[in-house]
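Reader: Could you take me through one part of this model up close? I'd like the local picture, told in one go.

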Amino acid sequence: MNKLVSSGLGAVQSAKMGFRKVSHVIFDMDGLLLDTETLYTKVTQAILDEYGDGQTYTWEVKTSLMGLQREEVANRLVKLYNLPLTPEEYMDLTLEHIRLLMADCQKMPDTEGIYEGIIGDIAKSFKKTYARETRLKVLGTTEQKTAEIVVNDLGLPCSVAEFRRIFSDMGHQRLGNAPILRGAEKLVRHLHDNRIPIALATSSSTESVEVKTAKHQDLFKLFHHKVMGSSDPEVKNGKPAPDIFLVAAKRFPDNPSPENCLVFEDAPNGVKAARSAGMQVVMVPDENITDDLKQGATVVLKSLEDIKLEDFGLPPLPA
């Protein structure tokens, strides 16, 4: 595998530009096209608050679960946190929470940036600074815990309840104008318009995908087909096994070979799955993913906007 180096241009590129030309493209969904990783973090922490004595859903645990099928995620979490639930009960609770939260989910929004701005503005109104140490503490926590941490850490002259009221008011106002994550919709539409076959390969279940994409049918109808790993009987093993990408490739009408497929992923387990399938993979990771977890990616980007499709023999994105 070629060594990865920082380009300083929004991407981490291969030191030797040994890319293969491809004819088909496969996309992951959660954390790549929809900002659902943030949603899953909030859902998981809410369940831990209720059933796990307030244990914390840490970044280390979250990273280890990225890209896995829902059954495996449920099994691991129930065991790790010793929850008084069966994996099936955990999955039902998760879907119930998702249904409620997805009612307000924006297409590919940078919600973490919005929440950070809101807290920063509240702190500023009390002549306090929202320090990096506090920002790291609140990542992935529930609104209640976020309020408690911020009020206590920053010594704000307001109660936790008052903070939550201000936060809620500002959140409702700003989330209605949530910015779209750079490059995602433009890339999907560009490939579709240029008749490049595209598919979706997500570890989510059919029911979960239907909930999460209900308001975004104009975008998701552009995919030739969708493979939902947690529901599809042909996907015997979840990521990092290659099954889901091999199934996705097979369902294109011309059944392309794996080497002719390019995968877009955000999760380390997804990158491993794509490489195991014999496919090149473009990784757009969370900024908290460490460099050692990016190994194996053909190219690593900060944003889908930075992709140079022509490197893979595909029509270049318009300026």
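Author: Quick bit of vocabulary before we zoom in: a residue counts as buried when its relative accessible area is under 20%, and as exposed when that is over 50%. Also bear in mind that this is a predicted model.

Let's warm up on helix 3, residues 70-80, where the buried residues are Val 73, Ala 74, Leu 77 and Val 78. These sit on the same side of helix 3 because they cover an arc of only 120 degrees around the axis. Look at the face turned away from that buried side and you'll find Lys 79 and Leu 80, both exposed. Just past the end of helix 3, Asn 82 has a positive phi of about 50 degrees.

Now hop along to helix 9, residues 184-193. Its buried residues are Ala 184, Glu 185, Leu 187, Val 188, His 190 and Leu 191. They pack against strand 3, strand 4, helix 11 and strand 6. Right after helix 9 there's another positive phi, about 60 degrees, at Arg 195.

Strand 6 is a handy stepping stone from here: it runs parallel to strand 7, with 4 bridges joining the two. To get from strand 6 to strand 7, the chain goes through helix 13 (residues 268-276), and this β-α-β crossover is right-handed. In strand 7, Gln 280 and Val 282 point one way while Val 281 and Met 283 point the other, and all are buried. Follow Val 282 sideways: Phe 264 stands opposite this valine, and in strand 8 its bridge partner is Val 299. Strands 7 and 8 run parallel too, joined by 2 bridges.

Terms used
Residues numbered from 1 in each chain as written. Predicted model: local features only at pLDDT ≥ 70, side-chain atom pairs only at ≥ 80, totals over all residues. Heavy atoms only, no water. Buried < 20%, exposed > 50% of the residue type's maximum accessible area, 1.4 Å probe, protein only. Contact = heavy atoms within 4.5 Å. Pairing = 2+ DSSP bridges. Right-handed = clockwise from strand over helix to strand, strands pointing away. Arc of directions from axis to C-beta.
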